[in-house]
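Trainee: I have a structure open and would like to learn how to read it. Could you guide me?

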Amino acid sequence: MKIYREEHPNPQFKRANWENLNGEWDFGFKKAERAFRFSSDEKRAVEIHGAAEYPYKINVPFCIESKLSGIGYRDFVNMVWYRKKVNIRKGNNSVFLHIGAADYLTTVLVNTKYVGRHKGGYTSFALDITDCVTDGENEIFILCEDCVKNPFVMRGKQSERKESHGCDYTRTTGIWQTVYLEYVPEKHIKSIKIYPDAEAAYVTIHADFEGKADFSCEVFYNGKTVGKSERRAASGNCRLPISLSEKHLWEVGKGRLYDLKLTFGEDTVSSYFGLRSVRLDGFKFLINEKSVFQRLVLDQGFYRDGIYTAPDEEALINDIKLSTALGFNGARLHQKVFEPRFLYHCDRLGYIVWGEYANWGLDYSDSRSVSVFLAEWGEVLKRDFNHPSIIGWCPFNETWDYRGRKQYDALLSTVYEYTKAVDSTRPCIDTSGNFHVKTDIYDVHDYSYDAAFFKNNYNRLVTENYLYEHVLADNPGRQKYGGEPVFVSEYGGIKWETDKTVKSWGYGEDVKTPEEFSDRYCALTEALTSNKKMLGFCYTQLYDIEQEQNGLYTYDRRRKFSDEIYDEIRKANAAPAMIEEER
């Protein structure tokens, strides 16, 4: 069985002593049951392990629904389990099992012993398995339970019906990111937060430790040492300030990264950072104190054969290249937490992105959703804090009524306040599109296809400081524009069908020719770049996904249009934006 995704999954926190466990695992699964209940404790997981059978082989890190998993089963599944025999030589090290992401409730046994469990289908986690392993062969058992119909399980764009429909697509059950072992000295670095100061050419490292040892950090730029600092007998946590002898700003399209070598006793971790600042100034979004118009495209992170998982690293890079080739400078990462390896390439290439959570499926009308959401969202903020490419947070998307019940407003305001408390360096949009409660940016989803109407509507923002929203026509009193910076974070969605094997759809009235597609695209986009109070746009979307065929490329990332049409789209995206020229 071919082994996929062999690269280290997290360049921001990398040790040399690690082992990739992707590839063939013994596998079994249980079809969905109406009376399904998540296992409540470790005892139940041990019972499931004892009775488990393994009639299949699965190719990790691909989900059971994907072709690349070797299985491709697409009906509802509530439970999947994995087994692998692994040779371990731990020596004097601690051994950690890392799982990039597994949907939804994951329980791990090693040599039949319970070592831990994790809730949430989108964030990375690690378990210390040292006490359960011996030198030689060891058995790792992973149980994943999922139910997209549970009101407290967030599914993102995974279909809650048997088949894909509308803007919901094939489900992902179980492991969908890299699984690996890490061998770590007893005294080690647990985590780091990096605070760059672009103006002063300075960086501060906040580090948490296990044990007590000397701590040092060396900073490199293109292989040359440009800063160094150390702390004797560090323990618990510390802040290490480092002055940089060379100033290289991280900018859009120019991801000038500094490399870090962190040493704590015998533990060495490599990392990196970008020297940049972001802030709002009136209606402007500033990066390193320069107004930057956000020319974004919606990216949902789906792949035909891998579903949530890219088949290789080149596929991650290619999505960024396809975007920038059309004049976009970034993406709104939509209803999914993207893997750290993708974010690394965004960092490296100077590609700006918004971090979002996969909130669809959550009953956000229920006050109990606060604790559910915060537990998972907090892991996102911790894992991805150091990525310079992430220029803002957006925990929710379109919090429509849940079975006729309005959202619990305190959920959105609490999550907003929590996000700002954890990360005061970036702006936060409470919920993209609707319904805003407390937000730094007032973003709007607008799929009007009449370009003249579209432009006149947003011109009122300039002439009257008034924002009319179509979504509120049927939802009066749900939100009110208060003079915040404005961002049209979804628009367009123009259908151009290339796959006639499915019943396709897009937004607005269908166009009849590629030229008509281009004309509408360019007119809608010009309405936003020419508005001096508009800080950015996000076009829906980069590529088709299953039945939703409003992408600029096909689901397989092939071209849909001629060079001439793509040239027109590129010119519209790259046109000078009024807000960047305003002084």
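Trainee: How far apart are the end C-alpha atoms of helix 2, and what span should it have?

Mentor: The expected span of a helix is 1.5 Å times one less than its number of residues. Helix 2 covers residues 313-325, so its 13 residues should span 18 Å, and the end C-alpha atoms, 19 Å apart, agree with that. Helices (H or I, at least four residues) and strands (E, at least two) are DSSP runs, numbered from the N terminus. This is a predicted model, where local features need pLDDT of at least 70, side-chain atom pairs count only at pLDDT 80 or more, and totals for chains, interfaces and linings use all residues. Residues are numbered from 1 along each chain as its sequence is written, and side-chain values use heavy atoms, leaving out hydrogens and water.

Trainee: Which residues of helix 2 are buried?

Mentor: Buried means under 20% relative accessible area, with exposed over 50% and partly exposed in between (1.4 Å probe, protein chains only). Among the buried residues of helix 2 are Leu-316, Ile-317 and Ile-320. Their cover includes strand 21 (294-299), strand 22 (330-333) and helix 3 (340-349).

Trainee: What lies at the ends of helix 2?

Mentor: At the N-terminal end, Asp-312 acts as a cap, with a side-chain oxygen 3.3 Å from the backbone nitrogen of Glu-314. After the helix comes Gly-327, with a positive phi near 90°.

Trainee: And how does strand 19 pair with strand 18?

Mentor: Two strands pair if DSSP finds at least two bridges between them. Strand 18 (residues 278-281) and strand 19 are antiparallel, with 4 bridges. One of the partnerships joins Val-278 to Ile-287.

Methods: Contact means heavy atoms within 4.5 Å. A polar contact is a pair of N or O atoms within 3.5 Å; within protein, one must be able to donate a hydrogen and the other to accept it, and residues adjacent in sequence count only if both atoms are side-chain atoms.
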